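User: Please guide me through this structure by question and answer, beginning with its local features.

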Amino acid sequence: MLLQLAKMKKDIETRKDIELLVNEFYERVKNDDLIAFIFTAVRKVDWNKHLPVMYDFWENILFQSGTYYGNPMALHKQLHQQVPLKQEYFQRWVYLFDQTVDDLFYGENASLVKKRASSIAEVMQMKILHKNDFLSGKPGLTN
Ligand code: HEM
């Protein structure tokens, strides 16, 4: 039954598909009990501007469209100064993203976009939460 349902879903194939995914994802983010406040209160995101940037971002990742020129790492580092981005926030972000993808799509690109989101979230956390300080020889682990 589950497999049958999965087969009825299509893969992410066009920019229109990406728009659907991004719109639905941020609807869920806006209504989330843990992370919504970062978007609605801390940052007061202008959705008319943010959503098209996110279409470009994901279109670039999936279809190498060359449409995104931003610097998400810098933006999230700055955001972390405004509100400490905890590991559980990242976990919730990734959870909502994966759920949205799975509810709407099924296929190679659907799997790929989830993998990319998770690995970017991992790198962001390493850079922002300095989980890799020990690699650069900074004290902390042993003393
Ligand atoms: C704790 C998790 C996260 C939070 C709370 C968060 C929050 C935000 C906020 C508030 C903005 C700014 C919107 C604005 O001011 O216009 C933003 C932008 C953005 N986020 Fe995140 N984010 C998170 C994780 C991620 C992850 C994992 C990715 C990528 C997979 C990502 C990709 C982006 C991109 C591409 C932008 C737009 C940057 C630009 O304007 O060029 N975010 N995020």
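User: Which residue follows helix 4, with a positive phi?

Analyst: This is a predicted model, in which local features need pLDDT of at least 70, side-chain atom pairs count only at pLDDT 80 or more, and totals for chains, interfaces and linings use all residues. Residues are numbered from 1 along each chain as its sequence is written, while helices are DSSP runs (H or I, at least four residues) numbered from the N terminus. With a phi near 45 degrees, the residue that follows helix 4 is Gln 64.

User: How far apart are the end C-alpha atoms of helix 4?

Analyst: The expected span of a helix is 1.5 Å times one less than its number of residues. Helix 4 has 17 residues (47-63) and should therefore span 24 Å, which agrees with the separation of its end C-alpha atoms, 23 Å.

User: What arc around the axis do the buried residues of helix 4 cover?

Analyst: Tyr 55, Trp 58, Glu 59 and Leu 62 are buried in helix 4, that is, 20 or more other C-beta atoms, placed from the backbone, lie within 10 Å of their own. An α-helix has 3.6 residues a turn, so residues three or four places apart point the same way. The buried residues lie on the same side of helix 4 because the arc, taken from the directions from the helix axis to the C-beta atoms, is only 105 degrees.

User: Which helices do the buried residues of helix 4 pack against?

Analyst: Contact here requires C-beta atoms, placed from the backbone, within 7 Å. Ile 18, leaving aside neighbours within four places in sequence, is in contact with Ile 12, Tyr 55, Trp 58, Glu 59 and Leu 62. The buried residues of helix 4 pack against helix 2 (15-30) and helix 7 (108-129).

User: Is Asn 109 buried or partly exposed?

Analyst: Asn 109 is found in helix 7, and outside its neighbours within four places in sequence it is in contact with Asp 11, Ile 12, Glu 13 and Leu 62. The partly exposed class lies between the buried limit of 20 or more and the exposed limit of 12 or fewer. Because Asn 109 has 19 other C-beta atoms within 10 Å, it is partly exposed.

User: Which residues are closest to the ligand?

Analyst: A residue is counted around the ligand if its C-beta atom, placed from the backbone, lies within 6 Å of it. Helix 3 (36-42), helix 4, helix 5 (72-82), helix 6 (87-104) and helix 7 each supply at least two residues of this shell. Of the 21 surrounding residues, the closest are Gly 70, Tyr 89, Trp 93, Ile 120 and Ala 121.

Key: Two residues are in contact if their C-beta atoms, placed from the backbone, lie within 7 Å.
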